[in-house]
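Open the viewer, switch on the cartoon, and keep the selection box handy. We will hop from loops to cysteines to surface charges.

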Amino acid sequence: IIHVSSCGGTVLYLTDDGKVYGLGNTEGILAEYDPNNPIQYITTPKFLFEDCKYVSVGSKFAVFLKNDNTLWFLGESKNGQSTKVSDRIGEPVQIADNVYFAEAFGYTCGWIDEHQQLHLCGDNSYGQIGNGKKGNGYPTTYEAIVSTPYIALRNCVSFTSEDGKSVVAVRTDGAKYAWGGEYGPKPENIE
């Protein structure tokens, strides 16, 4: 195992041969939704995807960065985090190419492309997309859904979200920017 990502009771891990396996809560990612038994658990590793170099789990969804730099999505996309609004995407679908790094957080998905542009889509209830707008703090409010990837920052080399509500990113010149959550809805230079 070379990488582990977890959220909401679901754990995905990546092996050194590029395979991704999952365990835990099936809601959204690991199995078809069963309305009679919405939360089930998988205790034996389930094979999900191959030829990957990175995986990240958000709330009820995951993104997979393949060795060919394509980005793939699996799970719930009610907030447009797969670049479209959908109850559940049951088989991995490609959502971007020429991706350098990707991360799933809360109900939002983000990636840095080959031109060092940070794209974000999904929940914008806390202003985490960086487009100058924000919702009222409820991720399922339609006004807070951004399904078309928005370029929040250019010349970006890394980004993270520790709380799912805000984003902190670093540019090529070392400057640090933040937005969403306790920050404003547009990127602000904080260092």
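In which loop is the place of Gln116? Select Gln116 and you will land between strand E10 (108-113) and strand E11 (118-123). Keep in mind as you look around that this is a predicted model. Now check the backbone here: the phi of Gln116 is near 60 degrees, a positive value in a residue other than glycine. With a relative accessible area of 30%, Gln116 is partly exposed.

Next, go to Asn98. This residue sits in the loop between strand E8 (86-96) and strand E9 (99-105). Its phi is positive too, about 55 degrees, although Asn98 is not a glycine. Asn98 counts as partly exposed, at 35% relative accessibility.

Now pick the two cysteines Cys109 and Cys121 and show their sulfurs. Why is there no bond between them? The sulfur of Cys121 is 5.0 Å from its closest cysteine sulfur, in Cys109, which is too far, because a disulfide needs the two sulfurs within 2.5 Å. The structure as a whole holds zero disulfides. Are these residues buried or exposed? Cys109 is buried, at a relative accessible area of 0%, and Cys121 is buried with a value of 0%.

For the last stop, turn on the surface and select Asp16, Asp17, Glu50, Asp51, Asp68, Asp97 and Glu114: they gather in a patch of negative charge. Zoom in on one of them, Asp51. You will find Asp51 in the loop between strand E4 (41-49) and strand E5 (52-57), and at 35% relative accessibility it counts as partly exposed.

Note on methods: Residues are numbered from 1 along each chain as its sequence is written. This is a predicted model: local features need pLDDT of at least 70, side-chain atom pairs count only at pLDDT 80 or more; totals for chains, interfaces and linings use all residues. Side-chain values use heavy atoms; hydrogens and water are left out. Buried means under 20% relative accessible area, exposed over 50%, partly exposed in between (1.4 Å probe, protein chains only). Patches are made of residues with over 30% relative accessible area and no salt bridge: like charges are joined within 9 Å, nonpolar side chains (Val, Leu, Ile, Met, Phe, Trp, Tyr) within 5 Å. Accessible areas come from the Shrake-Rupley method with a 1.4 Å probe; for residues, only the protein chains shown count as cover. A salt bridge is a side-chain nitrogen of Lys or Arg within 4 Å of a carboxyl oxygen of Asp or Glu. Lys and Arg count as positive and Asp and Glu as negative; His and the chain ends are not counted. The place of a charge is taken as NZ of Lys, CZ of Arg, CG of Asp or CD of Glu. Helices (H or I, at least four residues) and strands (E, at least two) are DSSP runs, numbered from the N terminus.
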